[in-house]
Amino acid sequence: MIWATTFVAIGLVALATVLSLMRRSGIFGKLRDHKHVALVVAHPDDEAMFFWPTLSQLRAAGVTISVLCLSTGNFDGLGDIRKREMENSCIQIGVTGEALQILDDPELQDGWQKWPSNHVADKVLIFL
């Protein structure tokens, strides 16, 4: 779980830097050259809390988006609710069907345990 928080924090710093540069250079208009972007998050709601402005800009630029969520966020027994919330959130940016994958893997459950990095990497590679 700590690595996931660190991963998200590093991603946020990188994202803020990239967004700032992209806005200044007008690159969002150039995103039409790219056909597909994949986002990998640890929990439902991470897409909205941390990446919504970027996802909205990508969608507005006509970029196809896919999202992989590595857990259902079931730490408090709310996994089914959080999964539906994420599905509804992703619908707003056109991510539906196979473009959205929310894993319910025994080795990637929400909580304080460390996720096996090789297992996470395997799931991401399959998704990509």
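## Close-up views of a predicted model

The accessible surface of the protein comes to about 7700 Å², and 58% of this surface belongs to carbon and sulfur atoms. The model shown in these views is a predicted one.

**Figure 1. The whole protein, with four helices and three strands**. Starting at the N terminus, the order of the elements is α-β-α-β-α-β-α. The protein has 128 residues, of which 40% count as buried. Among contacts with a separation of 6 or more, 75% come from residues 24 or more positions apart.

**Figure 2. The contact of helices H2 and H3**. Two packed helices are described by the angle between their axes and the distance between the axes. Helix H2 covers residues 46-60, and its axis comes within 10 Å of the axis of H3. The two axes cross at roughly 20°. Angles under 35 degrees count as roughly parallel, and H2 and H3 are therefore described as roughly parallel to each other. The crossing of H2 and H3 is right-handed. On the H2 side, the contact is made by Glu47, Ala48 and Trp52. On the H3 side, Met86, Ser89 and Cys90 take part. Sorted by class, the residues in the contact of H2 with H3 are four nonpolar, one polar and one charged.

**Figure 3. Thr72 in the loop between strand E2 and helix H3**. Strand E2 spans residues 64-69, and helix H3 spans residues 79-91. Is Thr72 buried or exposed? The relative accessibility of Thr72 is 9%. Buried means under 20%, so Thr72 counts as buried. Which residues does Thr72 touch, not counting those up to four places away in sequence? They are Pro44, Gly79, Arg82, Lys83, Ile102, Leu103 and Asp104. Of these contacts, Gly79, Arg82 and Lys83 have numbers that fall in the range of H3, residues 79-91.

**Figure 4. Arg84 in helix H3**. The relative accessible area of Arg84 is 47%. Partly exposed residues lie between the limits of 20% and 50%, so Arg84 is partly exposed. How far apart are Arg84 and Pro44 in sequence and in space? In sequence, 40 residues separate Arg84 from Pro44. In space, the distance from C-alpha to C-alpha is 9.0 Å. Pro44 also appears in Figure 3, as one of the residues that Thr72 touches.

Methods
Residues are numbered from 1 along each chain as its sequence is written. This is a predicted model: local features need pLDDT of at least 70, side-chain atom pairs count only at pLDDT 80 or more; totals for chains, interfaces and linings use all residues. Side-chain values use heavy atoms; hydrogens and water are left out. Helices (H or I, at least four residues) and strands (E, at least two) are DSSP runs, numbered from the N terminus. Buried means under 20% relative accessible area, exposed over 50%, partly exposed in between (1.4 Å probe, protein chains only). Contact means heavy atoms within 4.5 Å. Axes are lines fitted to C-alpha atoms, for helices over the stretch in contact, and angles run from 0 to 180 degrees between N-to-C directions. Angles under 35 degrees count as roughly parallel, over 145 as roughly antiparallel, 65 to 115 as roughly perpendicular and the rest as oblique. A crossing is left-handed if the near helix is turned anticlockwise from the far one by less than a right angle, and right-handed if clockwise. Ala, Val, Leu, Ile, Met, Phe, Trp, Tyr, Cys and Pro count as nonpolar, Asp, Glu, Lys and Arg as charged, and the others, Gly among them, as polar. Accessible areas come from the Shrake-Rupley method with a 1.4 Å probe; for residues, only the protein chains shown count as cover.
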